[in-house]
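Work through the exercises below with the sequence and the coordinates at hand. Each task is followed by a stepwise solution.

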Amino acid sequence: MTTNLLIRSTFAVGICLVFGLLGAVAIQTGMADWYTGLQKPWFYVKDDILSSIWLFMYVLLGVAAGIVWSKGFYHKWVKTALY
């Protein structure tokens with residue numbers, strides 16, 4: 001793993017986690033009122049497990065974005081993928 005790839009992946013993971021945090025904050029304000037009163041099905045996943053899955057997905061999304069970014073931002077397909 002090159003230093004350039006590590007730096008870009010770290011930056012991309014940070015950006016993904018910030019956007020994930022913003023989404024979680026936006027959802028929490030509206031969810032507290034009505035979501036807790038719903039009758040959940042038997043296959044309902046607990047909030048702690050689901051939040052850790054989302055965190056893992058955002059980290060993987062950032063690593064993938066860093067790998068794509070390391071191919072060179074001058075390339076048309078890299079810009080398209082990152083936008």
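A residue counts as buried when its relative accessible area is under 20%, as exposed when that area is over 50%, and as partly exposed in between. The model used here is predicted.

**Exercise 1. Classify serine 9 and list its contacts beyond four places in sequence.**

Step 1. Locate the residue: serine 9 sits in helix H1.
Step 2. Take its relative accessibility, 8%. The cut-off for buried is under 20%. Serine 9 therefore counts as buried.
Step 3. Set aside neighbours within four places in sequence. Serine 9 then contacts Gly62, Val63, Gly66 and Ile67.
Step 4. Place these partners. Helix H2 spans 47-69, so the contacts of serine 9 with Gly62, Val63, Gly66 and Ile67 link H1 to H2.

**Exercise 2. Describe the overall build of the protein chain.**

Step 1. Count the elements: 3 helices and 0 strands. Their order from the N terminus is α-α-α.
Step 2. Compare the radius of gyration with the globule rule. The chain has 17 Å, well over the 12 Å given for 83 residues, so it is more spread out than a compact globule.
Step 3. Check the box. Along the principal axes, the C-alpha atoms fill roughly 50 × 20 × 20 Å.
Step 4. Add the burial: 13% of the 83 residues count as buried.
Step 5. Look at contacts with a separation of 6 or more. Residues 24 or more positions apart account for 67% of them.

**Exercise 3. Where is lysine 40, and what does its side chain reach?**

Step 1. Lysine 40 is in the loop between helix H1 (3-34) and helix H2 (47-69).
Step 2. Its relative accessible area is 29%, so lysine 40 is partly exposed.
Step 3. The side chain of lysine 40 reaches the backbone oxygen of leucine 38 at 3.4 Å.

**Exercise 4. Which residues make the nonpolar surface patch?**

Step 1. Start with the whole surface. The protein chain exposes about 6,800 Å², and carbon and sulfur atoms supply 73% of it.
Step 2. Name the members: Val45, Ile49, Leu50, Ile53, Trp54 and Met57 make a patch of about 510 Å².
Step 3. Examine one member. Valine 45 lies in the loop between H1 and H2. At 36% relative accessible area, valine 45 is partly exposed.

**Exercise 5. How far is serine 51 from alanine 24, C-alpha to C-alpha?**

Step 1. Serine 51 belongs to helix H2. Its relative accessible area of 42% makes serine 51 partly exposed.
Step 2. Serine 51 and alanine 24 are 27 residues apart along the chain.
Step 3. Their C-alpha atoms are separated by 9.3 Å.

**Exercise 6. Place leucine 82 and find its contacts beyond four places in sequence.**

Step 1. Leucine 82 is in helix H3, residues 76-82.
Step 2. Its relative accessible area is 29%, so leucine 82 is partly exposed.
Step 3. Neighbours within four places aside, leucine 82 is in contact with Ala65, Val68, Trp69 and Phe73.
Step 4. Take a pair separated in sequence. Leucine 82 and tryptophan 54 are 28 residues apart along the chain, and their C-alpha atoms are 20 Å apart in space.

Technical notes: Residues numbered from 1 in each chain as written. Predicted model: local features only at pLDDT ≥ 70, side-chain atom pairs only at ≥ 80, totals over all residues. Heavy atoms only, no water. Helix = DSSP H or I, 4+ residues; strand = E, 2+ residues; numbered from the N terminus. Buried < 20%, exposed > 50% of the residue type's maximum accessible area, 1.4 Å probe, protein only. Polar contact = N/O pair within 3.5 Å; in protein donor to acceptor, adjacent residues only side chain to side chain. Rg over C-alpha atoms; globule rule 2.2 N^0.38 Å. Contact = heavy atoms within 4.5 Å. Areas by Shrake-Rupley, 256 points an atom, 1.4 Å probe, with all protein chains shown as cover. Patch = residues over 30% accessible without salt bridge, like charges linked within 9 Å, V, L, I, M, F, W, Y side chains within 5 Å. Salt bridge = Lys/Arg side-chain N within 4 Å of Asp/Glu carboxyl O.
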